[in-house]
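Here is a short briefing on one protein model. Keep the sequence and the 3D view open as you read.

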Amino acid sequence: MEKTIFEISKMDCPSEENLIRMKLQGMPGIQQLDFDIPNRALTVFHEGHLSQIEQAIVGLNLGGKQISSEHTNQTEFSEHKDQSKLLWTVLVINFAFFVVEMTTGLLSKSMGLVADSLDMLADAFVYGISLFAVGGTLIRKKRIAKLAGYFQILLALIGFAEVLRRFFGSEKLPDFNTMIWVSVLALLANGYCLYLLQKSKSKEEAHMKASMIFTSNDVIINLGVIIAGALVHWLHSNKPDLIIGSIVFVLVVQGAIRILQLGK
């Protein structure tokens with residue numbers, strides 16, 4: 001048995017962890033995957049096939065690189081079973097807030113909320129792919145990943161087009177109150193999801209795992225929309241909303257590309 005540690009510099013929330021798990025699923029020789037999200041590290045216990053494992057991790061473009069590899073006598077691992085209920089919980093929360101943010105974003109004319117809703121949908125896609133891949137074939141998993149990735153890119157491109165239309169046209173100011181309050185609720189929802197996912201891995205490390213909530217991309221996005229809402233009110237301009245919307249759309253496209261890589 002070999003124990004190889006990888007640094008994954010862009011692994012800052014459970015969505016990236018799920019992407020890595022799906023990428024390595026069914027790969028020969030792998031016995032156990034131990035994720036340390038706060039320290040952005042992955043420990044792989046495996047029997048040979050190191051180059052294949054490393055190639056798969058690097059191919060996800062999450063900043064993965066091998067740190068060390070050594071022989072180990074460890075052959076027994078604590079399995080994290082019965083994760084379906086947890087995955088369904090975070091999927092439902094993310095999809096529910098996709099609906100809430102998309103609806104309120106359209107009604108309040110906020111592209112920041114619309115873009116953030118797509119980010120929520122992206123996370124829901126990842127959890128959904130994980131669920132539907134359980135017990136399924138590798139071909140089935142890849143097909144689902146491709147459909148999810150292309151759909152996500154399509155929505156992001158439509159969002160970009162709407163941002164350009166509003167930037168060069170004359171639109172009513174977005175409702176800054178709606179932007180701020182809905183984003184606060186989304187921030188709490190993201191925090192709760194991350195807390196559940198991290199707590200499930202190790203009770204002893206729950207407090208350390210929970211601390212990474214405040215540095216995750218999702219929380220930063222929520223804070224960005226809140227700040228944009230305040231700037232809309234202060235500057236009496238829709239430009240802050242369009243700027244944060246554009247930034248989030250870029251992140252959504254990047255996430256979609258990562259999902260598409262699972263379909264290769």
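The points below cover the nonpolar cores, a surface patch and one loop residue. This is a predicted model. Its largest nonpolar core has 38 residues. Another core, of 16 residues, lies apart from it.

**Nonpolar cores**
- In the largest core, the residues with the most contacts inside it are F97, M111, L118, M179, V248, F249 and I259.
- Two or more residues each come from α1 (14-24), α3, α4 (111-133), α5, α6 (176-199), α8 (217-235) and α9 (239-261).
- Helix α4 gives the largest share of this core, 10 residues.
- M111 touches G159, E162, V163 and R166, and also D241, L242, G245 and F249, leaving out residues up to four places away in sequence.
- The separate core of 16 residues includes L24, F35, I57 and L62.
- In soluble globular proteins, nonpolar side chains tend to be buried together.

**Surface patch**
- F151, L154 and I158 make up a nonpolar patch on the surface.
- Together these three residues have about 290 Å² of accessible area.
- F151 sits in helix α5 (residues 138-168).
- F151 has a relative accessible area of 38%, so it counts as partly exposed.

**Loop residue T72**
- T72 lies in the loop between β4 (64-71) and α3 (84-108).
- Is T72 buried or exposed? T72 is buried, because its relative accessible area is 19% and the cut-off is under 20%.
- Beyond its neighbours within four places in sequence, T72 contacts M1, E2, K3 and F45.

Definitions and conventions. Residues numbered from 1 in each chain as written. Predicted model: local features only at pLDDT ≥ 70, side-chain atom pairs only at ≥ 80, totals over all residues. Heavy atoms only, no water. Patch = residues over 30% accessible without salt bridge, like charges linked within 9 Å, V, L, I, M, F, W, Y side chains within 5 Å. Areas by Shrake-Rupley, 256 points an atom, 1.4 Å probe, with all protein chains shown as cover. Salt bridge = Lys/Arg side-chain N within 4 Å of Asp/Glu carboxyl O. Helix = DSSP H or I, 4+ residues; strand = E, 2+ residues; numbered from the N terminus. Buried < 20%, exposed > 50% of the residue type's maximum accessible area, 1.4 Å probe, protein only. Contact = heavy atoms within 4.5 Å. Core = buried A, V, L, I, M, F, W, Y, C linked by side-chain atoms within 4.5 Å.
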